[in-house]
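Here are some notes for a colleague at the bench, set out as numbered points. Please read them with the structure open beside you.

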Amino acid sequence: MTPISKKLSWVAAVGLLASGCAETPKELVDARAAYKRVSTGPAAKTNPVQVADAKRSLDQAEEACFSCWDTSAGRDKAYVALRKAEYADALSRNAMAGKDLEAGDVQLASLQKEYLSGVNARVAAENAAAAAALGTLGKTQAQLDADRAAAAAAQARAQAALDKIRGKLTQDERGTVITLPGALLFPTGKGNLTAGGKRNLDPLMEFLRTDPRKILIEGFTDSTGKAAFNQKLSQDRADTVMNDMIKYGNIPADKISAQGMGSQNPIGDNKTAEGRQLNRRVEIILLKPTN
Amino acid sequence: MRHLSKLILACALSTGCATAVPQAQIDGAQKAIASASDTVGSMGGPAADRLADAKKEYDAAMEMAKAGKTDEASRTLAKAEADAKLAGALGAEAKTKSDLQAVTDQIQTLKTQLGK
């Protein structure tokens, strides 16, 4: 072997020894890459303690890997360094996600407040509308009840009054009709009230005064005699009843009117005395309200 | 005397410094695994994978320690603790991101309802 060959052999031997250690373990390559990523990323600012810990572990791994006599120790330390770098990275990502979550919570709370405010306003409006409707309904119901009670009372009073004077109470399309026999009120062939007739009207006065409906007094005769006479007599009798009610019953004049009907609309047979007696009558009509 | 010193040194080297694995290291690994188990729970994915690795490494380390491979056991415990800590961090990250997604969904729903 020449001196040059000897020298080359030594270089080769040293190179071989060096290259034996230069076979960098995969764990160390991964650890270096992970540390590079984490030390240049957000974790360097958000988690500097963990990044520094990863660096220490990486340095230990580097040192162990170049101690050729124990490569497994180097690989293990590189593995730990890799995990520590990943740990720092995960903590950093979690911190950033946590900040996003906090911001999201704030935005969500604001939107929930806005939404609830809208819901509350709608509910309040609906409650107010419901309360108003209930109030109206209650008032209407109360008014109906009162009207019904008043009508019943008026009917009872009218019936009581009619019972005293033997009158008749009916309903027709015009309204409530009180029919009074003419013989109870007037002398034969005359338009003025008898004393008994005045007394017979008295029980009706209070009832008619308190009833809100307008009053029409219609006078009727039988068909005996001339029509003109009967017409005038029926008008006189209707007027007499009306005036008596205005004067003694304090019924407002604008609430009451009178109409002579002559022998129209007979309710009995004019050929019989009994029928003619029925036809001689006065009808007090409590008119239905007109809209 | 010189021979005795050499014998002691050789013995120490051959047993890999055969002192026991420090209890603090064992406790540290155990604590990291327990904490990660709480965080990861029934999650799957990388967090669960790392936690499984940590448990395997811990068990292996205990076997090595029993076999007197103290140095190897210590290094494996270090790996177990590093894996467990990473599992915990990944689990926490997954939970935070899941919460964030839920909040984002709620925000979107409310925006739609408010006509935004």
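1. Buried area, as the term is used here, is the accessible area, taken with a 1.4 Å probe, that two parts lose on being put together, summed over both. With that meaning, about 2300 Å² is buried between chain A and chain B, and carbon and sulfur atoms give 69% of this area. Please keep in mind that the model is predicted.

2. As for the residues that take part, 25 residues of chain A are in contact with 26 residues of chain B.

3. Turning to charged and polar pairs, there are 5 salt bridges between chain A and chain B, and one salt bridge joins A:Arg83 to B:Asp83, where the closest N and O atoms lie 2.6 Å apart. The two chains also have 9 residue pairs in polar contact between them, counting pairs with both residues at pLDDT 80 or more. Sorted by class, the side of chain A that touches chain B is made up of 11 nonpolar, 6 polar and 8 charged residues.

4. Chain B taken by itself has 4 helices and 0 strands, and its pattern, read along the sequence, is α-α-α-α. Of the contacts in chain B between residues at least 6 apart in sequence, 70% join residues that are at least 24 apart.

5. On the matter of exposure, 34% of the 116 residues in chain B are buried, while the accessible surface of chain B comes to about 6900 Å², with 58% of it belonging to carbon and sulfur atoms.

Terms used:
Residues numbered from 1 in each chain as written. Chains lettered and ligands numbered in written order. Predicted model: local features only at pLDDT ≥ 70, side-chain atom pairs only at ≥ 80, totals over all residues. Heavy atoms only, no water. Helix = DSSP H or I, 4+ residues; strand = E, 2+ residues; numbered from the N terminus. Buried < 20%, exposed > 50% of the residue type's maximum accessible area, 1.4 Å probe, protein only. Contact = heavy atoms within 4.5 Å. Areas by Shrake-Rupley, 256 points an atom, 1.4 Å probe, with all protein chains shown as cover. Salt bridge = Lys/Arg side-chain N within 4 Å of Asp/Glu carboxyl O. Polar contact = N/O pair within 3.5 Å; in protein donor to acceptor, adjacent residues only side chain to side chain. Nonpolar A, V, L, I, M, F, W, Y, C, P; charged D, E, K, R; others polar.
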